[in-house]
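Me: I should like to go through this structure by asking what justifies each term applied to it. Please set each value against its criterion.

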Amino acid sequence: MKKITVILSLLLCLLILCSCGGTQEPETTLTTEMTTGESTTKATTTKATTTKATTESTTAEMTSAATSSEAATTTAAKKPSAAEKSLKKLRAKLEKTGDYFAVAYVGYYEGGYKEAKSELKKAGITEKYPFVGEITKKDFYALEGNQVYVIVPAKGITVKLHQCSFNADGILTLIDSLGAYDNGKPFIIKGNISDSRPDFHIEAYKDGEIMLSYNPVLSMENGKLHNVKGMLDFTPYSLLPFYS
């Protein structure tokens, strides 16, 4: 009986030992699987983080490039042209002298707008005054004669342009109102059959009050532009054949 008890005890111990040994392997396997899963998760997270960082970096570079391009375009757009510079310079001179408008006789040319612009370029006038080359056809007025003039109002001044005629007694008659210009906007007129018969009459207004009336014409005394107080003569005499 005692032997049987000992044997049963040994068998019980063996069962307990086998039971304990059998539970170790699954734990190891579970631990390995959990560790491997965690490693995989970490690797995936790291890859996603790297991709996000790369995307953000690329986006930042593209944004920076676009900003630089936009800044360069803005700078280029703000840079004044030669025409703007020359007109600004003349306006500043008008402001300094206090004259109501500036007038230049720029030559005697047949034809219309296209021919006049071509001749002005050949004579070097659009090189000396680049803004003259930028005056559009809608700001070009042509009547019978071939004398060509450029007119630029001063700041705060409105210049009204009229077609006119004179009777035998020298009395002025305004025929048509052709246009009105203010704050330094230039325009070109072409007319005058002769120096004694101007076709154009201009009036300068300030705050609705007329300040000066003038007929662009060449002087009978010296052939130069007829000057009166209140107008600025910017005729490029050195570029015109008759005066050079």
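Me: What makes β4 and β5 paired strands?

Reply: In this predicted model, nine bridges join β4 to β5, and the two run antiparallel. Two strands pair if at least two bridges are found between them, so with nine bridges β4 and β5 count as paired. One of the positions involved is Ser 165, whose bridge partner in β5 is Thr 173. The two strands form a hairpin with five residues between them, in which Gly 170 takes a positive phi near 80 degrees.

Me: What makes β4 and β7 partners as well?

Reply: Strand β4 (residues 158–166) and strand β7 (residues 200–206) are joined by six bridges and run antiparallel. The criterion asks for at least two bridges, and therefore six bridges satisfy it. Within this pairing, His 162 stands opposite His 201 in β7.

Me: Which sheet has the order β5-β4-β7-β8, and what makes β5 and β8 its edge strands?

Reply: It is an open sheet of four strands with antiparallel pairing. β5 (172–182) and β8 (209–214) are called edge strands on the ground that each pairs on one side only. Neighbouring strands of this sheet are turned by 25 degrees against each other on average, direction ignored.

Me: Why are β2 and β9 said to stand at the edges of the other sheet?

Reply: That sheet is open and consists of five strands in the order β2-β6-β3-β1-β9, with mixed pairing. β2 and β9 (231–233) each have a single partner strand, so one side of each has no neighbour in the sheet. Here the twist averages 25 degrees from one strand to the next.

Me: How do you know that β1 pairs with β3?

Reply: Seven bridges join strand β1 (residues 101–108) to β3, and the two run antiparallel. Since at least two bridges are required, seven bridges establish the pair. Tyr 105, for instance, has Tyr 149 in β3 as its bridge partner.

Me: What lies across β1, β3 and β9?

Reply: Helix α2 (residues 82–97) lies across these three strands, running at about 70 degrees to β3.

Me: Which element gives the most to the lining of the largest pocket?

Reply: α2 gives the most, with four residues. Both α2 and β9 supply at least two residues of this lining. The residues lining the pocket are Ser 86, Lys 89, Leu 90, Lys 93, Lys 128, Tyr 129, Leu 232, Asp 233 and Phe 234. The space in the pocket is about 230 Å³.

Me: Why is Asn 146 called buried or exposed?

Reply: Asn 146 has a relative accessibility of 14%. Buried means under 20%, so Asn 146 counts as buried. Asn 146 lies in the loop between β2 (140–142) and β3 (147–153). Leaving aside neighbours within four places in sequence, Asn 146 is in contact with Gly 107, Tyr 108, Tyr 109, Glu 110, Lys 190, Gly 191 and Asn 192.

Me: What makes the link between the side chains of Asn 146 and Tyr 108 a polar contact?

Reply: The distance is 3.4 Å. A polar contact requires a pair of N or O atoms within 3.5 Å, one able to donate a hydrogen and the other to accept it. The link between the Asn 146 and Tyr 108 side chains is therefore counted as a polar contact, its 3.4 Å falling within that limit.

Me: Why is Asn 183 placed in one accessibility class and Asp 207 in another?

Reply: Asn 183 has 46% relative accessibility and counts as partly exposed, because this class lies between 20% and 50%. Asp 207 has 76%, and exposed means over 50%, so Asp 207 counts as exposed. Asn 183 is in the loop between β5 and β6 (187–191), and Asp 207 is in the loop between β7 and β8. Phi is positive at Asn 183, near 50 degrees, in a residue other than glycine. Asp 207, also a residue other than glycine, has a positive phi near 55 degrees.

Me: How many helices and strands does the protein have, and what share of its residues is buried?

Reply: The protein has four helices and nine strands. Buried residues make up 33% of its 244 residues. Among contacts between residues at least 6 apart in sequence, 67% join residues at least 24 apart.

Notes
Residues are numbered from 1 along each chain as its sequence is written. Side-chain values use heavy atoms; hydrogens and water are left out. Buried means under 20% relative accessible area, exposed over 50%, partly exposed in between (1.4 Å probe, protein chains only). Contact means heavy atoms within 4.5 Å. Axes are lines fitted to C-alpha atoms, for helices over the stretch in contact, and angles run from 0 to 180 degrees between N-to-C directions. On a 1 Å grid over the protein atoms alone, a cavity is a set of points where a 1.4 Å probe fits but cannot get out, and a pocket is an open set with protein on both sides within 12 Å along at least five of seven lines; lining residues have an atom within 4 Å of a point. Grid points are joined across faces, edges and corners, and a volume is the space filled by probe spheres set on the points.
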